[in-house]
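The following report walks through a single protein model for a reader at the bench. Please look over the sequence and the fold before reading on.

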Amino acid sequence: MHRATIFANLISIYIKRGIGKLSAYCGAVNAGCAAVCGIAYLDQAPLAVMEDIITNTLATISGMLCDGAKPSCAAKIAMSVETGLLAYEMAKTSAALWRERVLWVKMQTRPLRQWAESEKTA
């Protein structure tokens with residue numbers, strides 16, 4: 001359980017790395033996606049499935065903007081986790097949205113697999 005939590009936090013850092021420090025991008029989307037990657041880690045899902053979870057979640061709901069810490073955050077978190085779970089179900093059946101058309105993926109400098117391999121050697 002602790003490893004899954006740490007893994008989810010690392011995925012959250014990985015996603016945020018491509019977005020930048022100051023952004024109108026809602027962090028709840030990031031957190032929901034990372035939490036579902038932690039669930040996939042507990043299910044021992046392959047790395048390709050986790051890549052598809054990130055791609056599918058962010059392609060679906062990445063347009064959600066942060067309006068500050070308001071009561072709407074709870075609804076945004078619920079929506080993000082629900083979208084992440086849908087993305088996980090899609091990824092388990094190899095249904096991934098096209099990576100080359102997803103803005104977030106274009107912003108990344110390295111694919112998740114390369115990042116994971118570099119973290120293993122560090």
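Which residues have the most contacts inside the largest nonpolar core? In this predicted model, they are Ile11, Ile15, Val29, Ile53, Ile54 and Tyr88, within a core that has 23 residues. The elements giving two or more residues to this core are α1 (2-17), α2 (27-42), α3 (47-61) and α4 (72-92), and the largest share, seven residues, comes from α2. In soluble globular proteins, nonpolar side chains tend to be buried together.

**Overall architecture**

The protein has six helices and zero strands, so that, read from the N terminus on, its elements run α-α-α-α-α-α. Of its 122 residues, 38% count as buried. Among the contacts between residues at least 6 apart in sequence, 76% join residues that are at least 24 apart. The protein exposes about 7300 Å², and carbon and sulfur atoms supply 63% of that area.

**Helix α3 and the loop after α4**

Asparagine 56 lies in helix α3, and this polar residue name belongs to a buried position, with a relative accessible area of 0%. When residues up to four places away in sequence are not counted, asparagine 56 touches Ala87, Met90, Ala91, Ala95, Ala96 and Leu97. One of these partners, alanine 95, is placed in the loop between α4 and α5 (103-107), and its C-alpha atom is separated by 8.7 Å from that of asparagine 56, although the two are 39 residues apart along the chain. Seen from the other side, and leaving aside neighbours within four places in sequence, alanine 95 is in contact with Asn56 and Met90. Alanine 95 counts as partly exposed, at 31% relative accessibility, whereas asparagine 56 is buried.

Threonine 55 is also found in helix α3, and it is buried, with a relative accessible area of 3%. The C-alpha atoms of threonine 55 and alanine 91 are separated by 9.4 Å, with their positions 36 residues apart along the chain taken as the sequence separation.

**Cysteines and the search for disulfides**

Why does a search of the whole structure find zero disulfides, when cysteine 33 has another cysteine sulfur 4.7 Å away? The closest cysteine sulfur to that of cysteine 33 belongs to cysteine 37, and the separation of 4.7 Å is too far for a bond, because a pair of sulfur atoms must lie within 2.5 Å to count as a disulfide. Viewed from cysteine 37, the closest cysteine sulfur is in turn that of cysteine 33. Both side chains are out of reach of the probe, since cysteine 33 is buried with a relative accessible area of 0% and cysteine 37 is likewise buried at 0%.

**A salt bridge in helix α4**

The structure holds one salt bridge, which lysine 92 forms with glutamate 89, the closest N and O atoms being 3.1 Å apart. Both residues lie in helix α4, three residues apart, about one turn of the helix. Lysine 92 counts as partly exposed at 46% relative accessibility, and glutamate 89 is also partly exposed, at 44%.

**Surface features around the end of α2**

Met1, Tyr41 and Leu42 form a nonpolar patch on the surface, with about 340 Å² of accessible area together. Leucine 42 is found in helix α2 and is partly exposed, with a relative accessible area of 46%. In the loop between α2 and α3 lies glutamine 44, which is exposed, with a relative accessible area of 71%. Glutamine 44 has a positive phi of about 60° although it is not a glycine. Most residues other than glycine have a negative phi.

**Accessibility of selected residues**

| Residue | Relative accessible area | Class |
|---|---|---|
| Cysteine 33 | 0% | buried |
| Asparagine 56 | 0% | buried |
| Threonine 55 | 3% | buried |
| Alanine 95 | 31% | partly exposed |
| Glutamate 89 | 44% | partly exposed |
| Leucine 42 | 46% | partly exposed |
| Glutamine 44 | 71% | exposed |

Terms used
Residues numbered from 1 in each chain as written. Predicted model: local features only at pLDDT ≥ 70, side-chain atom pairs only at ≥ 80, totals over all residues. Heavy atoms only, no water. Core = buried A, V, L, I, M, F, W, Y, C linked by side-chain atoms within 4.5 Å. Buried < 20%, exposed > 50% of the residue type's maximum accessible area, 1.4 Å probe, protein only. Helix = DSSP H or I, 4+ residues; strand = E, 2+ residues; numbered from the N terminus. Contact = heavy atoms within 4.5 Å. Areas by Shrake-Rupley, 256 points an atom, 1.4 Å probe, with all protein chains shown as cover. Patch = residues over 30% accessible without salt bridge, like charges linked within 9 Å, V, L, I, M, F, W, Y side chains within 5 Å. Salt bridge = Lys/Arg side-chain N within 4 Å of Asp/Glu carboxyl O.
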